[in-house]
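Student: I have a protein model with DNA on my screen, and I would like to go through it step by step. Could we start?

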Amino acid sequence: MKIEKLLNWYHENKRDLPWRRTKNPYFIWISEIICQQTSVANAIPYYNRFVEKFPDVFSLAEASERDVLVLWQGLGYYSRARNLHQSAQIIVNQFQGEFPTQYQEILQLKGVGEYTAGAVASIAFDEKQPAVDGNVIRVLSRIFGMFESAVTASGKKAFKNKVMDLMKNTKPGDFNQALMEFGALQCTPQNPLCENCIFNLECYAFQNRAVADLPLKKKKISVKNRYFNYFVIEHTGGILLKKREENNIWKNLYEFPLFETDELIDISALQTLLQSKILKKIPFILSERLYYKKHKLSHQTIHADFYGIIIITDITKHAEKYGFLSISIPQFVQYPVSELIKTAFQTIFYEK
DNA sequence: AACGCGGGGGT
DNA sequence: ACCCCAGCGTT
């Protein structure tokens, strides 16, 4: 594989991405975290909003986690935002706000693994480190006929070694980005553009009709069903929210008060269960189902029912005991929520 | 090594 | 319906 050919291809075909206009390690870092498991097209508007609101590591460190999560809302994998915020505080407090310059230091940051440390070190500081992402695995698997799994320790080592070997005499930042960009634009997962590929004569997969078999497929994940019964508790001028604090989906995001069941439950059974287990001495009536959605994620399907609930006593007196937060309708946008809750809220309060 | 963690887009 | 996306942290 002639590296010169790859770099020429990159020079002619690379996209004009906002984070390619800077070598500021803070911006490079933000872009890499946002791009984790996220398609670039989806990442761009989030990146632009993020760096506008938090133009440097100090502004990010000083922000509340809640505000950071609001900006992350809809992007998914919210631990990225929590770790980003925490790492910004580490950079301010332990590195005097100076972004760490070496791979090994960058790797210590929360939410930064081998890929991201390699990407930031190579792109921002020209350190010779591999950045092996899904694109790189796909390109190398096909061109060199690598049948190693990318999840095993030996497989990871094989891909890193291959990159280190290839990048020996070139600028690491450009090389890593070129390889990734080639995977994103040319050597795509489905329907790669093999006919006009600059490497097709030497590509193992193309020459051996194995393009569809490489890279090795990941094991399929099982999808679990969950049943969320939400309660839309309105009172004078507002609604009640609760912060999700368990180590679970949507940690530290907000939602309506929730009662999860392990199977589908109808409104009368829910009324009974709620009375006996949760709202023991508080009289209430479940009125109607305001909204329903089957919210499908890659690893779980959430069957979400949203019920109106009328509580006879003044629920705000009990709100603290249940950890509820009383907010007005306009304040809703100040709280980070999942797409499910966002859609439900809009439907219930603005389309009824 | 396996699993949990979101949501969107392409086919 | 299935696959994949500039992966990481925890178990």
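Tutor: We shall discuss the pockets, the DNA contacts, the cysteines and some backbone details of this predicted model.

Student: Pockets, then. What is the volume of the largest pocket?

Tutor: The largest pocket has a volume of about 1,700 Å³. It is lined by 48 residues, and those closest to its centre are Q37, D133, G134, N135 and K218.

Student: Which helices supply at least two residues of that lining?

Tutor: They are α2 (25-35), α8 (114-125), α9 (134-144), α10 (153-166) and α11, each with at least two residues in the lining of the largest pocket.

Student: And how does that lining divide by class?

Tutor: The lining of the largest pocket has 20 nonpolar residues, 14 polar ones and 14 charged ones.

Student: What about the second largest pocket, what is its volume?

Tutor: The volume of the second largest pocket is about 580 Å³. Its lining has 26 residues, and G76, Y77, L297, S298 and H299 are the closest to the centre. The element that gives the most to this lining is α6, with three residues. By class, the lining of the second largest pocket comprises seven nonpolar, 13 polar and six charged residues.

Student: Let us move to the DNA. Which residues come nearest to DNA strand C?

Tutor: There are 30 residues around DNA strand C, and E32, G111, T116, D133 and R138 come nearest. Of the atoms of DNA strand C that come within 4 Å of the protein, 71% belong to sugar and phosphate. Please note that D133 appears here and also among the residues closest to the centre of the largest pocket.

Student: Which residues have an atom listed against a phosphate oxygen of strand C?

Tutor: Three examples may be given. In R138, an N or O atom of the side chain is 2.4 Å from a phosphate oxygen of DNA strand C. In T116, a polar side-chain atom lies 2.7 Å from a phosphate oxygen of this strand. In V112, a backbone N or O atom lies 3.4 Å from a phosphate oxygen of DNA strand C.

Student: Where in the fold does that surface come from, and which elements give two or more residues?

Tutor: The elements that give two or more residues to the surface near DNA strand C are α2, α8, α9 and α11. By class, this surface has ten nonpolar, nine polar and eleven charged residues.

Student: Now the other strand. How many residues are around DNA strand B?

Tutor: There are 24 residues around DNA strand B, of which K219, I249, W250, H295 and S298 come nearest. Sugar and phosphate make up 61% of the atoms of DNA strand B that come within 4 Å of the protein. S298 is thus named both here and among the residues closest to the centre of the second largest pocket.

Student: What are some phosphate contacts on strand B?

Tutor: A backbone N or O atom of E339 lies 3.1 Å from a phosphate oxygen of DNA strand B. For K224, a side-chain N or O atom is 3.3 Å from a phosphate oxygen of DNA strand B. For N248, a polar side-chain atom lies 3.3 Å from a phosphate oxygen of the strand.

Student: And the classes on that side, how do they divide?

Tutor: The surface near DNA strand B divides into seven nonpolar, 13 polar and four charged residues.

Student: Different topic: how many disulfides are there?

Tutor: A search of the whole structure finds zero disulfides.

Student: Why is C197 not bonded to C203?

Tutor: The closest cysteine sulfur to that of C197 is in C203, at 6.4 Å, which is too far for a bond, because a disulfide requires the sulfur atoms to be within 2.5 Å. C203 is in no disulfide either, and its nearest cysteine sulfur, that of C194, is 6.4 Å away.

Student: Are those two cysteines buried or exposed?

Tutor: C197 is buried, with a relative accessible area of 15%, and C203 is also buried, at 9% relative accessibility.

Student: Lastly, the backbone. Which residues other than glycine have a positive phi?

Tutor: Y77 has a phi near 45°, and N191 has a phi near 50°. Y77 is in the loop between α5 (65-72) and α6 (79-94), and N191 is in the loop between α11 (172-185) and α12.

Student: How exposed are they?

Tutor: Y77 is partly exposed, at 47% relative accessibility, whereas N191 is exposed, at 69%.

Student: Where is the cis peptide bond?

Tutor: The cis peptide bond joins L214 and P215, with omega about 0°. P215 is found in the loop between α12 (204-207) and β1 (224-232).

Methods:
Residues numbered from 1 in each chain as written. Chains lettered and ligands numbered in written order. Predicted model: local features only at pLDDT ≥ 70, side-chain atom pairs only at ≥ 80, totals over all residues. Heavy atoms only, no water. Helix = DSSP H or I, 4+ residues; strand = E, 2+ residues; numbered from the N terminus. Buried < 20%, exposed > 50% of the residue type's maximum accessible area, 1.4 Å probe, protein only. 1 Å grid on protein atoms, 1.4 Å probe; cavity = no way out; pocket = protein on both sides within 12 Å on 5 of 7 lines; lining within 4 Å. Points joined across faces, edges and corners; volume = space filled by probe spheres on them. Nonpolar A, V, L, I, M, F, W, Y, C, P; charged D, E, K, R; others polar. Near = heavy atom within 4 Å. Polar contact = N/O pair within 3.5 Å; in protein donor to acceptor, adjacent residues only side chain to side chain.
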